[in-house]
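Subject: Structure handover

Hello,

Here is the structure I promised to pass on. Please open it first, then read the notes below.

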Amino acid sequence: MTEGVEIHQARANSADAATTAVMQSRTSSLQAVETDPGSEEPDQHEEESSSFPEVQHHSTGGAEDSGGGSVAPDGGWGWVVVAATVLVLAMTLAFPSCIGIFYTDLQNDFQASNTEMSWVPAIMIAVLHAGGPICSVLVECLGCRGTIIIGGILSGLGMAASSFAQTLVELYITAGIITGMGFSLSFQPSITMVGHYFVRRRAFANALSSTGTALGLSTLPLLANYLLSSFGWRGSFLVLGGVLLNCCVCGVVMRPLGAKPKMEARTGQMNNRQLKTNCLPISQEREGLKGRLQATLSTIISFLRRHMAFDLLCSNPYFCAYALGVSWMMLGFVVPLVYLVPYATAFGMDQDRAALLMAILGLINITVRPATALVFGLPRFRGSHNFAYLFATAVLINGLSNCICGMATSFPVLLAYVIVFGFSMSLIGSLLFTVLMDTVEMSRFPSALGLISIMESIMLLLGPPLAGDVMHFSYSLLML
C-alpha cells in the first residue's frame, strides 16, 4: 500500500512538472515573439516582398505620369518616347498642311468656294489647339498612354469617315472636328511624356522631338499628292486615316513612369468625395440659392484650376507673360505658310519658283532643328534655365523678318526672307515647350498647355483672314 501511494504521488508530481515545463516554454515563446518585431507580421513582409518587384519594374522608368516623386531617367526608354513623339507630331501638327493638295478636287465635288473650303483646315487647326482642357481631363483619368491611343483612334476614324462625306457639313464634322480632336488628344500628351522622361536633357529632347513637325511638312504633302493621283481624294482620305492610326502604336510605347498610386489612397479620396457629395444637398437646402451659387462657383474654379490653369495667370507672372506673348505671336506665325506662295505669284513670280520657296523653308526646318537639338544636348546647356532669353530673341527676329517682304518681291529678296524666317521658326519650335516646362511645374504642365492651346486657337483663326484682308488692301493700293 505504501509503495502504491508513493508511486501514485511520483506520477502526479511528474505530471505537474511536465505541465509546468510546457507552460514555461509557451511563456518564453510568447516573450520571444514580443521581443522580436520582425516575426510579428510575417504575412505583411511576404506581401511587401512579393509586391516589391512590381514596384521596382515600374520605377526603372522614373516617375509616374503625373511626375509623382521619382527621378526622370534622362535616357533609356526615354529615347523611344522621343522617337514616338517625332512620329506623333509629324502626323498631327503637320497634317493640316497636306489638306491644300485636295482643294481643287474638293471644290469640284462639293461646288464650294475658296472660303467655304478653307474652313476644313481652319476647323481642324482650331480644334487641335482648343481641345486642351478635354485632353487634360483624359490625361488625369486615363494617363498619357491611354489618351494618345484614344486620339489615334479618333483621328483615324475621322479621316476614314470623311472619305464618305456627301456634304460640306459632314466634311466639317469628320475631317475638321473629329480628326482635329484626335490630333489634340495625341500630340499634347506626347509632349508631356517627353517632359517627364527628361530633366537635364529636356531642351535637347524637346528640340529633337520638334523635328517631327518639319518631317511632316516635308513628307505629307508629297504623300498626299501621290495618293491623290492614284486613288482620288476619297481613297486618299481613307488611306490617310489608316496612316493616322499609327498614333495608337506610338501611344503604346509611351510607358508610364513610376509605381501606380495605392488603392487605399484612391479609396479614401473617393470616400471623401462621396461624403462631400452626400452632404452637399443638405447644405444647399440650408443655405438656399446663395449656397448653391457658391458651390457651383467653387466647382467651376476648381475645374479651371486643374484643367486650364487660369490661376497661373494671376499667381505666376512668368507664365502670364509667356501665355500672352505666345498667343500674340500665333496671330502672324502661320501667315507666311499660308500666303507666301500667293504673295509671290501676285507680283509676277512663277508658280514653280514660288513653290520652291516653301520647299526651302521645309529644308531649313529639317536641317536646323536637329542641329539645334545637338547643340542643346551639350553638357554646357544641360539643366540650363536661360532658354527663355534665346526664345524671346528668336520670336523678335521672326517678327522683324516679315519686314523683308516689303522691300522687294524678287526671288533673291524672298529667299533671304525665307532663310531668316525659317531659322528663327526652327528655334521657336525647338524651345516652345522647353520654356513652358521651365516656367511651370510638370504637374501643372498639361493644364497650362491646355490653356495656351485655347488662346492659340483663337489667334490662329483670326490671323490668316486678317492677313488676307491686309494683303488684298495693300495690293489694291499698289495697283492704283
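Does Trp79 count as buried, partly exposed or exposed? Trp79 counts as partly exposed, because its relative accessibility is 31% and the buried class ends under 20%. Please keep in mind that this is a predicted model.

First, the overall picture. The protein chain has 19 helices and 0 strands. It holds 480 residues, and 42% of them count as buried. Among contacts with a separation of 6 or more, 83% join residues that are 24 or more positions apart.

Now the aromatic rings. The whole structure was searched, and 9 aromatic pairs turned up. One of them joins Trp79 and Phe198. Their ring centres are 4.9 Å apart, the planes meet at 55°, and the pair is classed as tilted. This pair links distant parts of the chain, with the two positions 119 residues apart in sequence numbering. Trp79 belongs to helix α3, residues 78–92. Phe198 sits in the loop between α7 (168–197) and α8 (202–209). The two partners also differ in exposure: Trp79 is partly exposed, whereas Phe198 is buried at a relative accessible area of 0%.

A second pair is made by Phe102 and Phe237. This one is edge-to-face, with 5.0 Å from centre to centre and 85° between the planes. Phe102 is in the loop between α3 and α4 (103–110), and Phe237 is in helix α9 (residues 211–244), so the pair ties together parts 135 residues apart in sequence. Both Phe102 and Phe237 are buried. They also belong to one aromatic cluster, together with Phe110 and Trp233.

One ring has a charge for company. The charged end of Arg255 sits over the ring of Trp77, at 4.8 Å from the ring centre.

Last, the cavities. How many cavities of 30 Å³ or more does a search of the whole structure find? The search finds 1. The largest cavity has about 40 Å³ of space. Its lining is made up of Cys135, Ser136, Val139, Gln188, Pro189, Thr192, Pro446 and Leu449. Three helices each give at least two residues to this lining: α6 (132–162), α7 and α19 (445–479). By class, the lining has 5 nonpolar residues, 3 polar ones and no charged ones.

Over to you.

Best wishes

Methods: Residues are numbered from 1 along each chain as its sequence is written. This is a predicted model: local features need pLDDT of at least 70, side-chain atom pairs count only at pLDDT 80 or more; totals for chains, interfaces and linings use all residues. Side-chain values use heavy atoms; hydrogens and water are left out. Rings of Phe, Tyr and Trp (its six-membered ring) pair if their centres lie within 6.5 Å; planes under 30 degrees apart count as stacked, over 60 as edge-to-face and the rest as tilted. Helices (H or I, at least four residues) and strands (E, at least two) are DSSP runs, numbered from the N terminus. Buried means under 20% relative accessible area, exposed over 50%, partly exposed in between (1.4 Å probe, protein chains only). A charge sits over a ring if NZ of Lys or CZ of Arg is within 6 Å of the ring centre and within 35 degrees of the ring normal. On a 1 Å grid over the protein atoms alone, a cavity is a set of points where a 1.4 Å probe fits but cannot get out, and a pocket is an open set with protein on both sides within 12 Å along at least five of seven lines; lining residues have an atom within 4 Å of a point. Grid points are joined across faces, edges and corners, and a volume is the space filled by probe spheres set on the points. Ala, Val, Leu, Ile, Met, Phe, Trp, Tyr, Cys and Pro count as nonpolar, Asp, Glu, Lys and Arg as charged, and the others, Gly among them, as polar. Contact means heavy atoms within 4.5 Å.
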